[in-house]
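Me: I have a structure open and would like to talk it through. Could we begin at the surface and then work inwards?

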Amino acid sequence: MNAHEIDYVIYGEEMQYVEIELDPQEAVVAEAGSFMMMDSDIKMDTIFGDGSNQDTGVLGKLFSAGKRLLTGESLFMTAFLNIGNGKKQVSFASPYPGKIIPIDLSEFQGKFICQKDAFLCAAKGVSVGIEFSKRLGRGLFGGEGFIMQKLEGDGMAFVHAGGTTAKKVLGPGETLKVDTGCIIGFTKEVDYDIEFIGGIKNTIFGGEGLFYATLRGPGTVYIQSLPFSRLAGRVLASIPRGGKDKGEGSILGGLGDLLDGDNRF
């Protein structure tokens, strides 16, 4: 498997986007809705699946697209091909505040496992498939269920994560305990399982859930500080109930908003 070789630059701090430079006849594939801007002479085309098996016939295309349905993604992806004579750029934006992480699959023995909604874009030729959990505990309580995404090939892929990201390189037998929602992804050597927190007080009053993930090396792990589910939960919790504004905690209510300059215009 030989993916297209692409160059890139990541711009921004909290709301990042990645600009990918394509040589003539080079292409990149991306999730629908991540496109930001592109130069002329770049052709955009909607394809089944990830584009890594477009020459395998109808059944191959359907199988590739079907795998994406299992991960909760669309049947289709978008391919961007440089049909011009010179170098051209195409850019893809983050869906929410966080970081874009470049993953060179050739440095990770051709495989990287990530959460279902982390993938942003990749060089054409990279396969975006599914990774089934082989352990019942991980599947039932792991936050990501039985299915995660796997990126395979020898090219560049880009994943997105919320908040600030951390990269941990684990030695043989070294273990890292992580909130299940904070995992971005990990290399194929990492052993991933779910562990019960334990303790009556921790279980009832801890507020951190009943389980956390244990990641055992060797391998590389990427962690995010703000999973989208946590961000969405905070937003939902602040939505006014019954048409009343919760405000920012002022005892003056609506009058406090006026004094603060928030006139709701």
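**Surface patch and interior**

Reply: On the surface of this predicted model, F35, M36, M37, M38 and M44 form a nonpolar patch, and together they have about 430 Å² of accessible area.

Me: Which strand gives the largest share of the nonpolar patch?

Reply: Strand β4, residues 35-38, supplies the largest share, with 4 residues.

Me: And M38, how does it count in terms of accessibility?

Reply: M38 sits in strand β4. Its relative accessibility is 32%, so M38 counts as partly exposed.

Me: Moving inwards, how many residues are in the largest nonpolar core, and which have the most contacts inside it?

Reply: The largest nonpolar core has 38 residues, and I20, F92, C121 and L151 have the most contacts inside it.

Me: What does F92 touch?

Reply: Leaving aside residues up to four places away in sequence, F92 touches Y17, V18, I20, V28, A30, S34, F35, M36, F80, I100 and C121. Two of these, F35 and M36, also belong to the surface patch.

Me: Which residues are in the other core?

Reply: Another core, of 14 residues, lies apart from the largest one; I183, I194, V221 and I223 are among its members.

Me: On to aromatics. How many aromatic pairs are there?

Reply: The structure holds 7 aromatic pairs. One of them joins Y11 and Y17: the ring centres are 5.1 Å apart and the planes are at 20°, so this pair is stacked. Y11 has a relative accessibility of 33% and therefore counts as partly exposed.

Me: Which residues do ring pairs link into a cluster?

Reply: F35, F80 and F92 are linked into a cluster by ring pairs.

Me: What about F112, buried or exposed?

Reply: F112 is buried, with a relative accessible area of 0%. This residue lies in strand β9, residues 111-114.

Me: What does F112 touch?

Reply: Not counting residues up to four places away in sequence, F112 touches I103, L105, Q149, K150, L151, G185, F186, T187 and Y222. F112 and L151 are 39 residues apart along the chain, and their C-alpha atoms are separated by 5.2 Å.

Me: Finally, the whole protein: how many helices and strands, and what share of residues is buried?

Reply: The protein has 5 helices and 19 strands, and buried residues make up 42% of its 265 residues. Of the contacts between residues at least 6 apart in sequence, 75% join residues at least 24 apart. The protein exposes about 14,100 Å², with carbon and sulfur atoms supplying 56% of that area.

Note on methods:
Residues are numbered from 1 along each chain as its sequence is written. This is a predicted model: local features need pLDDT of at least 70, side-chain atom pairs count only at pLDDT 80 or more; totals for chains, interfaces and linings use all residues. Side-chain values use heavy atoms; hydrogens and water are left out. Helices (H or I, at least four residues) and strands (E, at least two) are DSSP runs, numbered from the N terminus. Buried means under 20% relative accessible area, exposed over 50%, partly exposed in between (1.4 Å probe, protein chains only). Contact means heavy atoms within 4.5 Å. Accessible areas come from the Shrake-Rupley method with a 1.4 Å probe; for residues, only the protein chains shown count as cover. A nonpolar core is a set of buried Ala, Val, Leu, Ile, Met, Phe, Trp, Tyr and Cys residues joined through side-chain atoms within 4.5 Å. Patches are made of residues with over 30% relative accessible area and no salt bridge: like charges are joined within 9 Å, nonpolar side chains (Val, Leu, Ile, Met, Phe, Trp, Tyr) within 5 Å. A salt bridge is a side-chain nitrogen of Lys or Arg within 4 Å of a carboxyl oxygen of Asp or Glu. Rings of Phe, Tyr and Trp (its six-membered ring) pair if their centres lie within 6.5 Å; planes under 30 degrees apart count as stacked, over 60 as edge-to-face and the rest as tilted.
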